[in-house]
Amino acid sequence: MSFISEIKRHPAFGELPPRFKRWLALRFLFGKKPERVGDRYFLSMHLPLFPSEAFDRSLWAQVKISKGERVLEIASIEVTRRCDMDCRHCAFPHSGMELSASQISAMLEQIKSLGPYSYIITGGDPLKRDDLERMIHVIKREGAINIFTPGHLLTFQKAKRLKNAGATGVFVGMDSPYEDRNDEIKGRKGAFRDALRGIENAKKAGLFVGISSVIMPDSSKKEIKDLINLGMYLGVHEIDLFEPISVSKGLYGSPSLKKELFKVQRKTKRKWPVIISGPYMDSPDFMGCTAGFNRIHIDYRGNIMPCSVMPYVVGRALQTPIKELWQRAYRMPGSVCLAKRCIEKGIEGKECLKMDVKSLPKYYEMLMRR
């Protein structure tokens with residue numbers, strides 16, 4: 001039985017708007033097909049496997065959103081700013097300040113009660129923390145749990161402990177398929193070879209493995225293509241491609257880069273790896289920018305933000321219940337990256353959330369307008 005056939009039998013699917021179901025079915029019919037992993041389907045590292053209780057929640061979340069309810073779907077948490085890299089595109093200064101495992105675990109318990117099905121553990125490098133497994137264990141089996149890391153600390157033993165703690169996968173940072181250029185962007189000699197070892201160790205430990213890449217404005221089409229080919233050769237499950245957004249370094253993507261990354265996801269039909277392009281996902285053609293709508297970010301000090309690069313702190317989780325702060329960050333999904341737009345216009349604070357949403361991106365136009 002195909003994925004479409006099985007998903008159509010799900011009770012939540014029957015409650016979705018007909019126009020949304022038709023649009024979604026066409027995307028799967030003519031686009032990249034979900035792949036079988038054992039007795040379940042894999043769509044993306046950011047989604048739970050289907051069938052599963054967590055995937056059920058993701059479907060029911062769409063039903064609730066279609067009826068005008070607000071649902072937390074994605075939670076990211078920055079557990080440290082410590083890192084051995086000095087990436088050219090990094091938007092955040094290194095810092096030794098960080099919350100304790102007990103404080104982070106308490107916040108994760110609060111977030112868990114809000115029902116997200118996708119968790120992102122980020123930094124800095126989360127693997128700099130010896131207590132990372134303790135935090136992951138709090139949200140074990142709650143959904144897709146992915147760790148973003150440069151990969152040089154990802155030994156087989158570490159990867160196995162992460163797997164046993166409940167992690168779904170790891171995204172290893174690799175910004176170019178060319179060793180010297182990657183090391184230059186990462187600011188650390190040997191970063192490329194270390195990332196390759198980390199990827200291999202994670203695969204052996206049974207984790208899903210992705211490559212997270214910030215594509216520099218001077219990257220060529222060939223470099224992007226070679227990166228995807230390298231990921232295919234390494235047997236990774238997913239490659240996530242992002243534009244750089246760094247206020248402190250004045251580094252942003254270009255219109256030509258956005259256009260190229262937009263095309264990459266639409267053209268790729270291979271079995272592995274899945275390609276997720278930030279500019280495509282954030283575009284009017286798909287989900288758009290959902291900062292302040294279905295996601296929440298907690299930085300290394302416990303500050304709640306609509307997304308990791310948004311210049312607006314809603315409040316501090318250690319002082320105010322996260323559910324209350326989540327409600328304060330409300331905004332409808334828009335057709336452009338809200339953080340980038342606020343930065344370009346020099347707008348900070350709550351005013352960012354007040355910027356007009358002139359039109360809904362296609363996904364939410366189909367889902368929310370019955």
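# Briefing on a predicted 370-residue chain

For a chain of 370 residues, a compact globule would be expected to have a radius of gyration near 21 Å, and the protein chain has 19 Å, which agrees with that expectation. The model is a predicted one, and its C-alpha atoms fill a box of roughly 55 × 45 × 40 Å along the principal axes. The protein chain carries 15 helices and 14 strands, and buried residues make up 57% of the 370 residues.

**Overall packing and surface**

- Among the contacts in the protein chain with a separation of 6 or more, 72% are between residues that lie 24 or more positions apart.
- The accessible surface of the protein chain comes to about 16,100 Å², and 53% of that surface belongs to carbon and sulfur atoms.
- Arg-197, which is placed in helix 9 (residues 191-204), is partly exposed, with a relative accessible area of 49%.
- Between Arg-197 and Cys-289 there are 34 Å in space, C-alpha to C-alpha, and the two are 92 residues apart in sequence.

**The sheet and its edges**

- An open sheet is formed by 10 strands in the order 11-8-7-6-5-4-3-12-13-14, and the pairing within this sheet is mixed.
- Strand 11 (274-277) and strand 14 (315-316) stand at the edges with a single partner strand each, so one side of each is left without a neighbour in the sheet.
- At the strand 11 end of the order, strand 8 (residues 238-242) pairs with strand 11 in the parallel sense over 4 bridges, and Asp-240 stands opposite Ile-276 in strand 11.
- Helix 10 (residues 221-234) packs on the sheet, where it touches strand 7 (208-214), strand 8 and strand 11, and the direction of helix 10 makes about 155° with that of strand 8.
- Helix 11 (residues 255-267) also packs on the sheet, touching strand 8 and strand 11, with a direction that makes about 150° with that of strand 11.

**Strand 12 and its two partners**

- Strand 12 (residues 295-298) runs parallel to strand 3 (residues 74-78), to which it is joined by 4 bridges, and in this pairing Ile-74 stands opposite Arg-295 in strand 12.
- With strand 13 (residues 303-305), strand 12 pairs in the antiparallel sense over 2 bridges, and here Ile-298 stands opposite Ile-304 in strand 13.
- The hairpin of strand 12 and strand 13 has 4 residues between the strands, and in this hairpin Gly-302 takes a positive phi near 95°.

**Nonpolar cores and buried positions**

- In soluble globular proteins, nonpolar side chains tend to be buried together.
- The largest nonpolar core of this chain has 69 residues, of which Leu-132, Ile-147, Leu-162 and Leu-241 touch the most other members.
- When neighbours within four places in sequence are left aside, Leu-132 is in contact with Val-79, Ile-121, Pro-126, Leu-127, Ile-147 and Leu-162.
- A second core, separate from the largest one, has 26 residues and includes Phe-50, Val-71, Tyr-363 and Met-366.
- In helix 14 (residues 338-345), the buried residues are Leu-338, Ala-339, Lys-340, Cys-342 and Ile-343, and just after this helix Gly-346 takes a positive phi of about 70°.

**Backbone features in the loops**

- Most residues other than glycine have a negative phi, and most peptide bonds are trans.
- Phe-50 and Pro-51 are joined by a cis peptide bond with an omega of about 0°, and Pro-51 lies in the loop between strand 2 (40-42) and helix 4 (53-66).
- Another cis peptide bond joins Gly-123 and Gly-124, with an omega of about 25°, and Gly-124 lies in the loop between strand 4 (118-122) and helix 6 (132-138).
- Arg-141, a residue other than glycine, has a positive phi near 70°, and its place is in the loop between helix 6 and strand 5 (144-149).
- The same Arg-141 is exposed, with a relative accessible area of 67%.

Conventions. Residues are numbered from 1 along each chain as its sequence is written. This is a predicted model: local features need pLDDT of at least 70, side-chain atom pairs count only at pLDDT 80 or more; totals for chains, interfaces and linings use all residues. Side-chain values use heavy atoms; hydrogens and water are left out. Two strands pair if DSSP finds at least two bridges between them. A nonpolar core is a set of buried Ala, Val, Leu, Ile, Met, Phe, Trp, Tyr and Cys residues joined through side-chain atoms within 4.5 Å. Buried means under 20% relative accessible area, exposed over 50%, partly exposed in between (1.4 Å probe, protein chains only). Contact means heavy atoms within 4.5 Å. Axes are lines fitted to C-alpha atoms, for helices over the stretch in contact, and angles run from 0 to 180 degrees between N-to-C directions. The radius of gyration is taken over C-alpha atoms; the globule rule is 2.2 Å times the number of residues to the power 0.38. Accessible areas come from the Shrake-Rupley method with a 1.4 Å probe; for residues, only the protein chains shown count as cover.
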